Structure formats: C-alpha cells, structure tokens
Amino acid sequence: MIHSPYIRKPASVQSVMLTVLIALIPGIAAYVWQIAAVVLVNLVIATVTALLAEAAMLKVRGRPLAPALSDLSAVVTAWLVVLCFPPILPWWATVLGVLIAIVAVKHLYGGLGQNPFNPAMVAYCAMIIAFPSLMSQWPPAGQLDLQTQLDLVLGGVRELDAITGATALDAIRTGLRAGNTSVDALLTQSAFGQFGGRGWEWLALGYLAGGIYLLVRGIITWHMPTAFIVGLAVISGAFWLTNPAQFASPLFHLASGGAMLAAFFIVTDPVSGAATPHGKLIFAAGIALIAYLIRAFGAFPEGIAFAVLLMNICVPLIDMNTQPPVFGHRGGKAR
Amino acid sequence: MLTALLIMTGIAIVLGAALGYASIRFKVEGDPLVEKIDAILPQTQCGQCGYPGCKPYAQAISNGEADINQCPPGGEEGIRKLADLLGREFKPLSEEHGHEKPKSVAFINEQLCIGCTLCIQACPVDAIVGAAKQMHTVVSPLCTGCELCVAPCPVDCIAMVPVGETVETWKWKYPVIELRPAA
Amino acid sequence: MIARLFNFRGGVKPVSHKNESSATPIVKAPLPPRLVIPLRQSIRSTARCLVQPGQRVLKGEHIGEGEGPLGTSVHASTSGTVVEIASFPMAHASGLETPSVVIEPDGEDRWIDHAPLDYRNVSRNAALAYLRNSGIVGMGGAGFPTHVKLGNGSGIDTLVINGAECEPWITCDDRLMRERAAEVLSGATILRELIGARRVLIGIEDNKPEAITAMRAAASGVGDTLEIVPVPTLYPAGGEKQLIRVLTGIEIAQGKLGADFGVQCFNVGTAQAVHRAIHHGEPLLSRIVTLTGNVAHPGNYEVLLGTPVDALLKLAGPKADTDRYIMGGPMMGIDLQSLKVPVVKGTNCVISASPALFPPPPPELPCIRCGACARACPADLQPFELYWFSRAKNFGKTQEYHLFDCIECGCCAFVCPSRIPLVDYYRFAKSEIWARERDLKASDQARDRFEFRNFRQEREKEEKAAKLAAKAAETRAKLADGTSAGAAEAPPPVSDEDPKKALIAAALARAKQQKAAVTPQNTEDLSPETQAEIDEIEARREKLND
C-alpha cells in the first residue's frame, strides 16, 4: 500500500553523490596539472577497493547489494580519502585508508547514513598516527616525473629524502620551531608560491570552483563553507595581527593544506555533520578554530582531520540545542 | 599533619552537610515505584495476575512477590515497559495467567437477562447498570473487558465482544521497509 | 490594499498538470443509479439517521441530523426512495465502512419546499443554525463545519478566502472561480458579515490567470472591503496556515485558532455553498469534482453528493492501464481501496493513476541527513529528526520536535533523495500517540472507578454494620422495656417500616436540597429548539411529580 505523496522529485542519493564527484573534478584536474598526475592511479585503486569493500560488507551484513553499490557514496568516500592523502603513498597505504573508511567507519556503524564520524577523516587520522613519516611526504609540486611517481606508488621504491619535500604548512612549522626565521623569510623560499605553496593554490581554486557548483546545485548550503572560511580567516587573522612574524597570514591558511577541500567537501558531509542552520555555522566554525589551533600549536602540520572528528562528537549536542523555531512558534505576531 | 587533618575534616563536614541537605530537599514522598508500576498496568482490574486488582499487583511486583509477566491484558508491550522500569530482563507472558487477547467488552443479551444483579456486583468498575428484576446493560465505554461478570451470570447471557476498529481508533501502520533480496 | 505579500519558508514546485482538466467548462453529472450518502461526512461526527428504508424522500430533505458540537445535517441529494441503510466504505485512508443511506433516484429530481434566508434580519445564531441545518462544511477537504468556524462573531479582522488550489492536477476551484465568480463573492460577503470581519482577502495562485481575471471582474462592483490577491505558485500555498501567512504575515501555531489572531479562512467552494444556502435556500447537495489523470475526458463535473466513484468515473473514461485511483490530490490524497466510495462534501478530485503517470516509488535508502526535507518543510520542522524518532517509536521525542505541527503536506517526502515515505512515519507516530492517550485516559478512568467502587463497598459495609448495631441496641432497649412493662407481645410491624420511611423521606429532602443548590450546566447559548425541548421535558416531569 502506497500512501501520499504519490509524486516525487526526481532526486536520488545517486544523483547527489554524482554531483559531488563532478564537483571534485576541477580540483582533481588542478592536482594532476600542478602536483602529481599519479593521483589518477590512486583514485582508481581507491575506487576499486571501496566498491569491493562495500560489497563484501553488505554481503556480511546480509543487505541487498545493488542499491547500496549504485548510490556512489563509497566512491565519494574513496575519492576524498585519496585527495587528503599524499599522492606518492604506496598503493597499499591507499587501500588501507579506504578500508578503514568503508569497513570500520561506515559499515561497522551501520552503513550509509549511520556513521557518526567522517569516514575520510578517520582514515586520515588513523593513517597519520600509524604511519607518521609516510603520511608526511608530499612531492614538490610538479617536479617529479610520472615514472618516479608510479615507482613510488606501485613499485615500492622509497628514496624519500631525495625526492620529497614538506608542504608549506610543514615547512613553516619546522622553520618556526627551529627558531631564527620568520614567516616572511620562510615564505620567500622558492618552494612556496604566492600564498599556500606553489601549485597548491591552484588546487584550492579548483576546489573552490567545485564548491560553488555544489552550492548552485543546492547540494550544500552556504552555512558550512562560509562559517569555516570566515572562522579560519578570523582566528588566523587575529594571531597574524598580533605577531606577523610568528604566525602566517589568513590567506596562507586558507590556500594551504586541505582548507578548501575541507570547506566544501569534508566539513559539509551531511551524515556526520550538524544539520540545523545555526548548528551548521557552529559546527564549521568550531572545526576552523580547532584546525587552526592544531596547525599553529599542535603536533601535526594539518589539523583539519582531527578538528572534524572532535566536532563530529559534538554534533548531537549542537543539533539538539539549535533547533530552529517552528512555524507559528516564533513568538510575537499574535494580537 | 594538622592542616591535612583539618582539611579532611572540613571536606567531611561539607560533604556530610550537602548529603544531609539533599536527603531533606529531595525526600521522596510515598512509594513512587508502586505508582509507576500501577501507571503501566492496564487497569482492567481483572485479577488474572492472581491479585485483586492492578494496584495490589503493582504492590506485589514492587515487594518482589510477583513476577512482571502475569498481566495478560497488558500484553508483551506492558511486560516490556515493566522490564524497562525495573531494569529486569523481558520474559514472555506466563502461560498460567492467561493469553493476550484482542480488547473486548462485555455484552448482555437482554432477551435472556433475568435481572439478578450478580454481574453488577462483580463488575470492578461499576460499568453495568440495572436493578433487581430489571434488565441489565453494559456501559461499553466504561467496560475494561475484565470478564469478571461472565462467570457469575446464572443464565450465561454475557458474552465478550471484540471491539471493532472504527475510524476513531484506526491506526496507521508502521511503514514497512522494503529490502530487496541480496543480489 | 495589501501593501505586500509575505512568504512561508520551504515549499516545493511539483509539475502542476492543471491544463489537462481546466480547459473545459463544468459539466453536470447525470443521476447515478444509486446514491450512497454517508451519515458521517467527515471524520468528526456522524449524523443521526432520520429516514427508514422504503421511505420516499425529496431533493434537499433532511435524512441525517447532526449530533454534537461538530455535527451538521445530511440531506437527500435528489428525490427518490430510501432503499437501505447499510455500511459502505468511506472516503478515508482506512477504507473502513460507515452507515450510509442508499437512495434510488426517481429521476424527477423534485425539490422539497425551500426558501432563501434573509440573514440580515435574523439573529446571528439563527443564521449559523441555518447553515448547520444546510449541511455546510469546509469544502477544501477537511470538512470542518462552517458554522463552528464562524465563531462568536467578534475579534476577526480579516477573512481569507482560499482559492489557491495548490495541489497538482486539481482544478475544481479554478473552474468554480472562472464560471461562478459572482456566487463565490456573494458567499464571501455573507461570511464576512456573519464573522464580523473588516476585510476579505481572496488568495489565488498566480498560475490561474483566468480565475483571477474572472474574480476581479466580479469584484469590481462589490466594494473595497474585498480584494483578489494573486499569490506565488508554491505548494502548499493553499494550506490554510500557509495562505494566511502569505496574505497577512500571521503565523497560526498548531492547536491555536485563527480567531485568536483575528483571521479566519474559508475555501472558495464553501463560500459558494454558503451563497446557495442563504440566497437560494439550497442545502449542500452537490459539489464540483475534478476527474483527471489517466482518463480519456478529463474535466470538472458537478456531482451529487453520494454518487459512487465508479459511476462517476464512467463519465471521464479511465484508460486501460489505470491501476489505482486517488481521491484528492497527489500530494495529500488517499488511495481508494474500493470504487464504491461515494463523493462526499470534501471530495475535490479523483485521479486515475497509471504506473506511467505515478510511478511506484523506487526502493527506500537510508537517510543521509542531507537536510533537503528541512529546507522544503513549510512548517519549519526538522523532518529527518522526526523520522528517526518515529522510526524508533520514540514518541516522546517526536512531540518535543513538534510532530503535531506537521500538516502532512508531503513536501519532505517529495524532495527526499532516499525516497523515504516520511509522511507515513509521521502518520504512524501521530496515530500511535493518539491511541496511547486514549488508552491512558481509559485506564485512568478505570482506576478511578475501581477505587471508588472499593471505597463504596467499604462504606456500605460500615453503614450496614452501624445499622445492625443500632438495631440491636434498639431491640435490646425494647426488650428491656418490654420486660419492665411485663408485656410479651411482638413489636408492631410498623416500627420496622417507620424508620425506613423516615430514611427515604430524609433522602428525598436531601436530594431536593442538592438539586436546588446546583444550577444546571450547559444551559447558556441554547438554540431555541433545544430550549423548547427542555421546557417540554420539564413540563412532563412536573406532571409526573404532581
């Protein structure tokens, strides 16, 4: 027996996820062009792993395969895992990361829609704790030829120090920790581009373009990206103004690391994030704040992943206390 | 040494005072557990549990004399609520106390009724009206369906009629979640 | 003049499908072979049957008397013979049956004597009673009695007439406004005068330009108390609360009455029915029904109440691949479980549905909390939270999240990318909560009655014991007396009777006293008929007492 409504908008989880994948394409293109083309290989590895893991878990849990596999949510998770991992990881590390995300975070909590934590971010955190050095090796933008990249990813070649470098965030951290140098001096080093590390700023632009596409398509709302970007700018700006020599500028923070990816694709994960309009603002701003504190004072160069997980914990509390007023209960108006 | 002793004593006094205050401030009136159990019981007053009414059964549960699975009208849901309230394991309805039945009300066949008033005396909620040598009838909205009036009737003119679904009592069903068989 | 329109949050824009049925004029449907008139025209109240099988009735004759505060009269829609009074399925999602009067028309369609009411020269209460006896209820679907909504005649500033008709496919109000604009406006004027409002706002969705033009043309002579306001097309702009919000900016919370905010709302169909009743003396006997969907001749038909849907559908000619029928619109309508269901006062549309037009929903996927439902909800609820709690049967939480503010408009389920039948969960939760409240009330009542009975038994036992003790003492005293007098004769039988008589007399006196002390309740605001009835009963009682 079917009850009203008898008509439905032609929207589906599949189309939502497909839109997200499409929105990732400009970012990926910038990645291939500026950083490392081998990311495409990683994407393929991750996608295959994700689908196999999803199928296996569905089988184990006795759930139907077809609808869950075709909804593309596993592919989105896999792509996000790849995009926040260093591109020159050996293939097994990518596989491991995707398995953590799909098996441990998504299915052990009950599958699509049930996970309290962002799968890609748990994968990142688990991997950076388990393999700190491996996860900190980023290729200098556009300086490795494809063969070297492939050797690193597929062949297990590890001549690390010769070919890899630190990211801008990393360099600033080590530089400042070593003392003597100021942010300005560090930023004039050739490895960094205009703001966020040479090449990476293009990536940030790519993600921004994809994010705007998502906004236009109505997949995400303005709340989270705005709160995240503004939050990060305000907190980093405050520190920068007090001591420009010791703290990098807001522009640097926004353009470097995974800030833009996070603003539009990570923070906005609906399943593990806050859902009310005010809740979204608090959630995203909270992530920006924690991420900055970890970047500036913590033990890890990039703090967004930890920040997301910490705020994921707060989501039920945030949602519960930010329920928007219901029609007719806004007060006033009555005579 | 002395300071430590003083501090410890001070803490003890403060905590003692706080506990004492709390015990007065949050003093529990009466026996709320019996009230809470009674609120879960369906109030049919049928005595199927072996006690003369719902309140005595609630009292017995609270005293640990009776088990939570002796109330057929409350059914499984009632047992579940009691188990939740008392922090006990759920157990199925005890066979010896009866079976869960659809809600019914008593109906007096007025052709047969001789006006003996025995059913009126048996009804725990005064839901039967009539007088000696006058026909009796059941006020069905008040009837709890306890069946206590059925046995005393000398002419067997009382029947239990299941309460049909009306538009007022009709309920929407729990939506069925369709799962395709694993491919 | 309205300075500006307001908007409500949320809403959706489904494909309207109005053109299918709105192009052709209203056609009068022929007399069906049988009329099945339910005594329960809405869920709220069932009328008391006034006719017997075999009785001949005239068009417009009373066949059911409304009972209770929400009752309204039911009339024979045409002249003929009452064949039977039997249970027939009603226009309700449950598909349950309800007692109905079956009339076989004689084909003459002969009217009972009827005359218009000069409502300006009778008391307001008389006019309301007249509407009640004319069977006028809200024709937008819910069927709420109009005389109840007209309230006490004070405190209403704005009267809203709902011509929005926001549900897809339905065009009956559209055609009504195009063809009978003057009648609608006349009805609106009557309603305005009865409710004592300062102004009338008639809201019409801007996808009905012809209706707006027709209504404006008709309104040009009425004066400036009445205004036709085009409102943006956005489902559910025709929801009562949403339309009031759009036109006046007032938000009426769940459980509150429009009267508390100085605004009341009626459907255009209701206004037209009021006009027919007051100015022509015709009770509500027919309504306009849209037949559309997968049919050969979609259109609007003026249908006698009680016409079974299967007889009606023949007019439109459903196509072969029709697999089910929807009564009402596709957003809030119900699936008809039987085509024996008759047209009732709230039936605005019957849609013939085929898998091509209304594809079965694809399998449900888990909720991903995307929030699309919350953005679409016109009541500003968080539908996905309500869904979680309803699904988990956590009914307390659903109420904390304002489940009962949900108007079941279907916007959330319409936009859900996981195609979860969200509204079904809310309906389930609501009816469970109602059932629990009923059960709780019943068990509280049973507990009170049980406790009182126990108390009464105790008291009776004590009284009996006291009486026995008194009697024993009396006997003892008498015996002592007797021995002293030396007489051994039995006490006269009167002595046993006397105290009893005295007791009864005392009880009577007490009862009289009590009666005098208590003023009877609910005796204010009686209609003249009821007052007359009461007087008659009192007279009878006096006679008996004498």
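Student: How far apart are the end C-alpha atoms of helix 4 of chain B?

Tutor: Happy to work through that one; keep in mind that the model is predicted. Helix 4 of chain B covers residues 75–86, which makes 12 residues. The expected span is 1.5 Å times one less than the number of residues, so this helix should span 16 Å. The model agrees with that expectation, as the end C-alpha atoms are 17 Å apart.

Student: Which residue follows helix 4 of chain B, with a positive phi?

Tutor: Look just past the end of the helix, at residue 87. The phi there is positive, near 65°, and the residue is Gly87(B).

Student: Where chain B touches chain C, how many charged residues does the chain B side have?

Tutor: Chain C brings 20 residues to this contact and chain B brings 22. On the chain B side, 10 are nonpolar and six are polar. The charged residues there number six.

Student: Which helix of chain A gives the most to the side of domain 1 that touches domain 2?

Tutor: Domain 1 of chain A is assigned to 13–165 and domain 2 to 202–321. Their contact takes 27 residues from domain 1 and 25 residues from domain 2. At least two residues of the domain 1 side come from each of helix 1 (13–35), helix 4 (73–84) and helix 6 (119–130) of chain A. With 13 residues, the top contributor is helix 1 of chain A.

Student: And how many residues on that side of domain 1 of chain A are nonpolar?

Tutor: Go through the classes for the side facing domain 2 of chain A: no residue is charged and six are polar. The nonpolar residues number 21.

Note on methods: Residues are numbered from 1 along each chain as its sequence is written. Chains are lettered from A and ligands numbered from 1 in the order in which they are written. This is a predicted model: local features need pLDDT of at least 70, side-chain atom pairs count only at pLDDT 80 or more; totals for chains, interfaces and linings use all residues. Domain bounds come from an automatic or database domain assignment. Two residues are in contact if their C-beta atoms, placed from the backbone, lie within 7 Å. Helices (H or I, at least four residues) and strands (E, at least two) are DSSP runs, numbered from the N terminus. Ala, Val, Leu, Ile, Met, Phe, Trp, Tyr, Cys and Pro count as nonpolar, Asp, Glu, Lys and Arg as charged, and the others, Gly among them, as polar.
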